[in-house]
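Colleague: I should like to understand the terms used to describe this model. Could you justify them one by one?

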Amino acid sequence: MNSVRLALRVLRADRRTRASAILTGLGVAVATGLVLLLVGLPFATEARGERSMWQVPSYGSGEDGPATLALTTTDDFTRGDKITRVDVAALSDPATIELPPGIERLPGPGEALLSPALARLTDRLPGSQLADRFGGDVIGTIGTEALKYPDQLVALVGHDPATMPPVAWQQHGFGVGGAEQDPLLQALAGVGVVVLLVPSLVLVASSARLTAARRERRLAALRLAGATPRQVIAMVAAETTIAAAGGALLGAAISPLLLHRLAAIIPWGGGTWQPSDFQLPAVLAVVLVLAIPALVLLAAVLGLRRVMLTPLGATGAHERKPLHWWRLLPLPLAGLFFGYVVSTSSDLSPALLGLALIVGSAAFVGPWVTSAIGGVFVRIWRRPATLLAGRRLRDDPRGAYRASAGVVLAVFTGSMALTLLPTFESMAGSSSPFRDSVLYVTTDAAGAGQIVERTNTELARYGQRERAVAVGSVMLMNGPDSGQEALVLDCVTAGTLLRLDMSDACAGTPGIYSQYPLALRGVTVTTEWGAPGVPLAANIPTQPIRATDPGMSSTPIIDPAVLPAGVTPEQVTVAVPTAANNGEVVRTALAGAAGGLQIESRQALLADQQMLLSDLRRVTVLGLIVAAVLSGCSAAIATAGSVMDRRRTFGALIAAGTPVRLLARALRTEAAMPALVATLGAGAVGVLVGMGLFILVEDGAVVLSPWILAPVVLGAGVAVLAASVCRPALNRVRAESLAEE
Amino acid sequence: MPTQTTDPRGPLATATRPALSGRGLVKRYGTQHALAGVDIDIQPGEAVAIVGPSGSGKTSLLHVLAGILPVDSGAVLLGGTRIDQLGETKRSELRRTEFGFVFQSGFLVAELTAEENAALPLLLGGRSRSDALSAAREWLGRLGLSGKEKRRPGELSGGEAQRVAIARALAHRPSVIFADEPTGALDSRTGRATMAALLAAAGESGAAVVLVTHDRDLAASVPRTVTIRDGRIDAGATA
């Protein structure tokens, strides 16, 4: 009988081996599916980038041909959602310009193409709130092949070359190809592979362990009966291959059918995904699908060492070796390395290496800490559950830590991230002097006049009271190489537009308004750094003002009444205040008038930071949950395995009158305690390391949020999952005859 | 009719109520009769060997008398009180307090030391750490295991491990000890020594012993032997 037939016969005949093979297969399927998805993440960002390359100016070398179109891209917002606005003008015959997939024709002057999601919004909202921003006729919709993500809000607005903003880029056709993978998601995917693959493989190992004792006995019997080591390896390989290959194929199937669809609904970078984005290059997918079962197979064969050394190996006593104290050293060494590189270099790579070393040091420190906790339990136990848990941790700290390693890694990195994120969120901000409610466009003096005029015409047409104001920018110089910027604004308007309390200043005569004292003797005013300036009139008063936001430092304000004659600002910002209920209408009026210039607002400046931080928080929490569920499942299987390993002992205790509920309670504690201690410990260390990292990088207080309690909840969840199988497993033990093997 | 031997205390001893009795015990597995009407009395402090070929029903009789298995008909009396009609919870409590068990392979917990294994039923029953360990050490000492209290099962010989199992069965001072092939995994010499240790320890605590074995030599080490065949007591073969 060959090895495969023997393996199939064992699977058919032995229910527990069959259950173990099914669980092993499921574990391999989960691992394969997750790895395929995680490795696919950077490729997904590349796929997104390829689809949306046309939306950004093509900064080519110019060698690809003469400029055929002018293009500029700006970010607009509607009710907090970002709109990508692409303004374009043909510089040659539009029929000769190659269009990107998903765009059927190039909009001419006064025409626009909208993405389906944006088209739905414009249909729903009054023109004054959205549609009027894009000019006259909407001539069609942009196909999904041209969208970064399915619900992306995009407008392709056509122009005459003369009406294109001066910042427009002249290029040969739309940008095609050359999209790069998102480096942040690359790094996160790498962390994800480690953090999620470990619990997946632990799940596989736990499943395999369900029948380890029985299999060892069977193999030892085969060796005693004369089977050669090669034959035994072949049998194990056949058994494992059947389960692992089946699992890998199942994982490869569920990855596109289930995981890609689930991942596609998780937002990143402002939107969701198309399920096909996660598709890996075929060769890489095949390599991964082959590599994972190969790893499992290798682990199974290496696990045979005891049987291979001697046929009696399976019955040999287990030798306990104490763990050395040097296992504690890698953590402080890695911490010192990290501290050194972040304090001496601004390069990210060595810092990431330091972080990886800190995470990697857990593999050395974890078992030692596990053993130490076991030692404490053994010393202080009062109930048998604590004694059993302590002995298990003390006897096999590597195994006990391995069982929790996945969730330990996930909780450690998650806690660190959840400690750092709120702190970074609190640091997020902008130096813009304008109030949150003010929209503004920066342009030159000539353009500013037109934009102010057109905006105010539109605002009047919409029946709004707000009006656009041109805010000039000049330089106050007190030497050829010394000076600072000042905004040209009257006192009342400055109070309306800027984050400044001008109430005291406006009571006096017009002058220069500043948060701090200014030495104005010899100061000249100019429109450009270093250019000859015009002296300020003597005795211009300086009025003190206060910032409304703590920590904000404003540029001085110079009242137009005291601006020296002959100074006309060249750089001008057109600013419009908004009220609580007319933000969209004002934005529409300004966008229509600005014709492709970037409309700024403090909200827009903060949007990308906030989006990145919420993306990071989302993937951290998702990663933690998936790792916790996987770890919980493997802990549950490991618990069932440990009960089944000792089933005859427990059977004897039940026969001797120990109530099942009493035994179940003890075993629940035994199973839950290591998981709970491991997750709480990893969470605490993660928070401490996170705080340490922040203090190393920044001076300031760490902001702690309730999110850092997430590991506690997950730890409890893992412990509950681990403990949940005790009672059913014991009931099964009770149902077995004491004589049955 | 149950077959009784002479009272081990002598013919003039006052008749006492049996420690454990079975009356008309019937146990079926499907259509198969494991016990087909067994009557048996076990006196306080008495040691009884139940012998018979494989499948004769001796282990079923032990399990029924110990309340591990319910009977299909008949009655089991402990000190004159019926216990076969009790629910599983009460029967578990009885097994925990009145009975002790020794099985073929000690079924010790590999991670625990000898004294912790012996103390385990007491600990699970709610006894304090010091009380339970103290009782365990006392019995290990009586069974000749002084100095080996801290050893794990893997560090003990087969006979020593079985004596730890005996200490575990005796630690709570039961009135009846059930021993199912207690020396089956031991060589004959170690088996005899272990059996002698069990009987001596049971004698010291005044517990009755119900021994199930297929080993005639081992059965001969106890004063009374009951032979069971096809689920019935074989009166002719009983001594």
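The exchange below takes up confidence, helix packing, sheets and the contact between the chains.

Colleague: What kind of model is this, and what scores does the model have?

Modeller: This is a predicted model. The model scores ipTM 0.77 and pTM 0.69. Chain A averages a pLDDT of 82, with 90% of the residues at 70 or above. For chain B the mean pLDDT is 84, and 91% of its residues reach 70 or more.

Colleague: Where in chain A is the pLDDT below 50, and over which residues of chain B does pLDDT stay under 50?

Modeller: In chain A the pLDDT is below 50 over residues 311-318, a stretch that has 15 contacts in the model beyond near neighbours in sequence. In chain B pLDDT stays under 50 over residues 1-14, for which the model has 17 contacts beyond four places in sequence. As pLDDT is the predictor's confidence in each residue, on a scale from 0 to 100, these values describe confidence in the placement of residues.

Colleague: Why are helix 1 and helix 6 of chain A called oblique to each other?

Modeller: Helix 1 (residues 3-13) and helix 6 (residues 229-264) of chain A pack at an angle of about 60°, and their axes are 8 Å apart. Angles under 35 degrees count as roughly parallel, and those from 65 to 115 as roughly perpendicular. The angle of about 60° falls in neither class, and helix 1 of chain A is therefore oblique to helix 6 of chain A. The crossing of these two helices is right-handed.

Colleague: Which residues of helix 1 of chain A meet helix 6 of chain A?

Modeller: On helix 1 of chain A they are A:S3, A:V4, A:L6, A:A7, A:V10 and A:L11, which meet A:A234, A:M235, A:A238, A:E239 and A:I242 in helix 6 of chain A. By class, this contact has nine nonpolar, one polar and one charged residues.

Colleague: What makes helix 2 of chain A oblique to helix 6 of chain A?

Modeller: The axes of helix 2 (residues 15-51) and helix 6 of chain A come within 6 Å and cross at roughly 45°. An angle under 35 degrees would count as roughly parallel, and one of 65 to 115 as roughly perpendicular. The value of roughly 45° makes helix 2 of chain A oblique to helix 6 of chain A. Their contact divides into 17 nonpolar, ten polar and no charged residues. Helix 2 of chain A passes helix 6 of chain A in a right-handed crossing.

Colleague: At what angle do helix 2 and helix 7 of chain A pack, and which residues meet there?

Modeller: Helix 2 and helix 7 (residues 282-302) of chain A pack at about 145°, with their axes 10 Å apart. The crossing is right-handed. A:V28, A:A31, A:T32, A:V35, A:L36 and A:V39 in helix 2 meet A:A285, A:L288, A:V289, A:I292, A:P293 and A:V296 in helix 7 of chain A. The residues of this contact are eleven nonpolar, one polar and no charged.

Colleague: Which are the edge strands of the open sheet of chain A?

Modeller: The sheet has six strands in the order 4-3-5-2-1-6, with mixed pairing. Strand 4 (137-141) and strand 6 (169-171) of chain A are the edge strands, since each pairs on one side only. Neighbouring strands are turned by 30° against each other on average, direction ignored.

Colleague: How do you know that strand 1 and strand 2 of chain A pair?

Modeller: Pairing requires at least two bridges. Ten bridges join strand 1 (residues 69-78) to strand 2 (residues 81-90) of chain A, which run antiparallel, so the requirement is met. The bridge partner of A:D76 in strand 2 of chain A is A:I83.

Colleague: Why do strand 6 and strand 10 of chain B stand at the edges?

Modeller: Chain B has an open sheet of six strands, ordered 6-7-8-3-9-10, with mixed pairing. Strand 6 and strand 10 (232-233) of chain B each have a single partner strand, so one side of each is left without a neighbour in the sheet. Two bridges join strand 9 (residues 224-229) to strand 10 of chain B, and these strands run antiparallel.

Colleague: How many residues does each chain bring to the contact?

Modeller: Chain B contributes 22 residues and chain A 24 residues. Helix 2 of chain B supplies the largest share of the side of chain B that touches chain A, six residues. That side divides into 13 nonpolar, three polar and six charged residues.

Key: Residues numbered from 1 in each chain as written. Chains lettered and ligands numbered in written order. Predicted model: local features only at pLDDT ≥ 70, side-chain atom pairs only at ≥ 80, totals over all residues. Axes fitted to C-alpha atoms, helices over the stretch in contact; angles between N-to-C directions. Helix = DSSP H or I, 4+ residues; strand = E, 2+ residues; numbered from the N terminus. Parallel < 35°, antiparallel > 145°, perpendicular 65-115°, else oblique. Left-handed = near helix turned anticlockwise from the far one by under 90°. Contact = placed C-beta atoms within 7 Å. Nonpolar A, V, L, I, M, F, W, Y, C, P; charged D, E, K, R; others polar.
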